[in-house]
Amino acid sequence: MPILIKNGRVIDPASQTDRISDVVIDDGKIAGVGPDLSAPGAEVFDASGLVVAPGFIDMHVHLREPGFEYAETIESGSRAAAAGGFTSICCMPNTKPVNDSATVTSYIVERARRFAVVNVFPIGAITKGSEGAELAAIGGMKAAGAIAISDDGRPVMNSLVMRRAMEFARSYDLPVIDHCEDLHLSAGGDIHEGLLSVRWGLRGIPAASEDVMVSRDLVLAELTGARYHVAHISTRNSVAMVEYARRQGLAVTCEATPHHFALADEQMAPYDSNYKMKPPLRGPCDREAVLEGIVNGTVTAIATDHAPHAGSEKMQEFERCPFGIIGLETALPLALEMLVHPGRITMNRMVELFTTGPESVMRLGRGTLAAGAPGDVTIFSTNVPWSYDVNQSPSRSRNSPFHGRTFHGGPVATIVNGAFAWRRA
Ligand SMILES: [Zn+2]
């Protein structure tokens, strides 16, 4: 059945649209955008007072399947994505087995086709087993549906391996996404190295562990001409280096997570594992630099790094529990709270960070409301108060520091390939 979305504020950065308008979706595709549209037999959705945007893309999630289905599955993760307003998600390869071959890539594509409620795009590993030694079967993974390569979670420490990976990725026209962390500098660390790590008696992860890797990678990106993307950027120096590289004309981009622009280390609840992630929450100056990067265009995309962990894993002592938090359902409300409501960026720019931004890196053929584009639409409110109850999440995991937080505005409905994938009850 066609869908007719009436009277929403339609924001489509790809076509520089921002006006009250109707949207018709038919046969899985955007059929038209304009005033006073009609569509016989269509289901009508009244979007008065709401924003209607191209479906949001999250280019960095962990779905944990295959191998860690107790923490998340492709189905449960995709449902959390739909509830967060995302219509497309790109999943990192650190599953078990690691997605380092066409076989695993095909498995994920097939499971997603059967069980996911949003579009799922697998990211292949850079190296076999993400062990940093031998390159993975990049061509085969691409043929099976991989849209980028990354060893997220386990950085490629060997610079020669990284150089070869970039050369291969360039010839296959795939972006290389790096989790930038020098493992020697960060070894044993739990939180950002600073006053708090000293006060709480925890080992620190210095900002330098990220900066060193970003600088190496930028040198290699220039050498190889690869499309290179910094995952979850978190430090002042990294933002400055990416800004510099972009000014030199390199094909370099970066993403920021909502937790890194919403929180600094000083906002952490002491020894609460829901504040433990990599990179760690940094100092206030780093957070401010990430915010500034979002404002000035250095940051191309907002990505959640949704990292589900079972309660039993996160309930351990702080030093023992794994890194990462879930984030699909709190990304849009945090972007509204931290970026749009205080007037740091426009609503248009925020939509860009969730649509054309990640699309420019991942090239999924999505992120626009142009006629004929896939029927992916995100509808959200901008000021309706609500509070986030993590226990209602479709995710299998509960590791969020934002449980109980009151937001103003958030997802209302998510349409994927022309059908409702989720609506706020
Ligand atoms: Zn990572």
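Which strands does helix α2 lie across, and at about what angle does α2 run to β8? In this predicted model, helix α2 (residues 102–115) lies across β7 and β8, and its direction makes about 175 degrees with that of β8.

**The three-stranded sheet**

Let's stay with those strands for a moment. They belong to an open sheet with the order β6-β7-β8, in which the pairing is parallel. The edges are taken by β6 (56–61) and β8 (119–122); each has a single partner strand, so one side of each is left without a neighbour in the sheet. On average, neighbouring strands of this sheet are turned by 20 degrees against each other, direction ignored. Strand β7 (residues 86–91) is joined to β8 by four bridges, and one pairing to look for is C91 with its bridge partner P122 in β8.

**The five-stranded sheet**

A second open sheet is built from five strands in the order β9-β10-β13-β14-β15, again with parallel pairing. Here β9 (149–150) and β15 (301–302) stand at the edges with a single partner strand each, so one side of each is left without a neighbour in the sheet. Helix α4 (residues 159–171) packs on this sheet, where it touches β9, β10 (176–178) and β13 (228–230), and its direction makes about 145 degrees with that of β10. Two bridges link strand β14 (residues 252–256) to β15, and E255 finds its bridge partner in A301 of β15.

**A hairpin**

For an antiparallel example, turn to β2 (residues 17–26) and β3 (residues 29–34), which pair over five bridges. These two strands form a hairpin with two residues between them, and D27 in the turn has a positive phi of about 55 degrees. Within the pair, D22 is matched with G34 of β3.

The strand pairs with bridge counts are set out here for easy reference.

| Strand pair | Sense | Bridges | A bridge partner pair |
|---|---|---|---|
| β2 and β3 | antiparallel | five bridges | D22 and G34 |
| β7 and β8 | parallel | four bridges | C91 and P122 |
| β14 and β15 | parallel | two bridges | E255 and A301 |

**The zinc site**

The zinc ion is held by D152 (OD), H179 (ND1) and H232 (NE2), at 2.1 to 2.3 Å. Along the chain these donors follow the spacing D-x26-H-x52-H. D152, in the loop between β9 and α4, and H232, in the loop between β13 and α8 (236–247), are 80 residues apart, so the pair links distant parts of the chain. Both D152 and H232 are buried.

Two of the zinc donors appear again in the lining of a cavity: H179 and H232 are among the residues around the largest one, including also C180, E181, K278 and R282. That cavity has a volume of about 60 Å³, and the model has three cavities of 30 Å³ or more.

**Buried helices and residues**

How many of the 10 residues of helix α12 are buried? Nine are, so α12 (residues 331–340) is largely enclosed by the rest of the structure. Among the buried residues are A331, L332, P333 and V340.

A81 makes a good closing stop. This residue sits in helix α1 (residues 74–83) and is buried, with a relative accessible area of 0%. Leaving out residues up to four places away in sequence, A81 touches F86, I89, V118 and L328. A81 and H306 are 225 residues apart in sequence, while their C-alpha atoms are 9.4 Å apart in space.

Definitions and conventions:
Residues numbered from 1 in each chain as written. Predicted model: local features only at pLDDT ≥ 70, side-chain atom pairs only at ≥ 80, totals over all residues. Heavy atoms only, no water. Pairing = 2+ DSSP bridges. Contact = heavy atoms within 4.5 Å. Axes fitted to C-alpha atoms, helices over the stretch in contact; angles between N-to-C directions. Buried < 20%, exposed > 50% of the residue type's maximum accessible area, 1.4 Å probe, protein only. Donors = N, O, S within 2.8 Å, 3.2 Å for Na, K, Ca; no water. 1 Å grid on protein atoms, 1.4 Å probe; cavity = no way out; pocket = protein on both sides within 12 Å on 5 of 7 lines; lining within 4 Å. Points joined across faces, edges and corners; volume = space filled by probe spheres on them.
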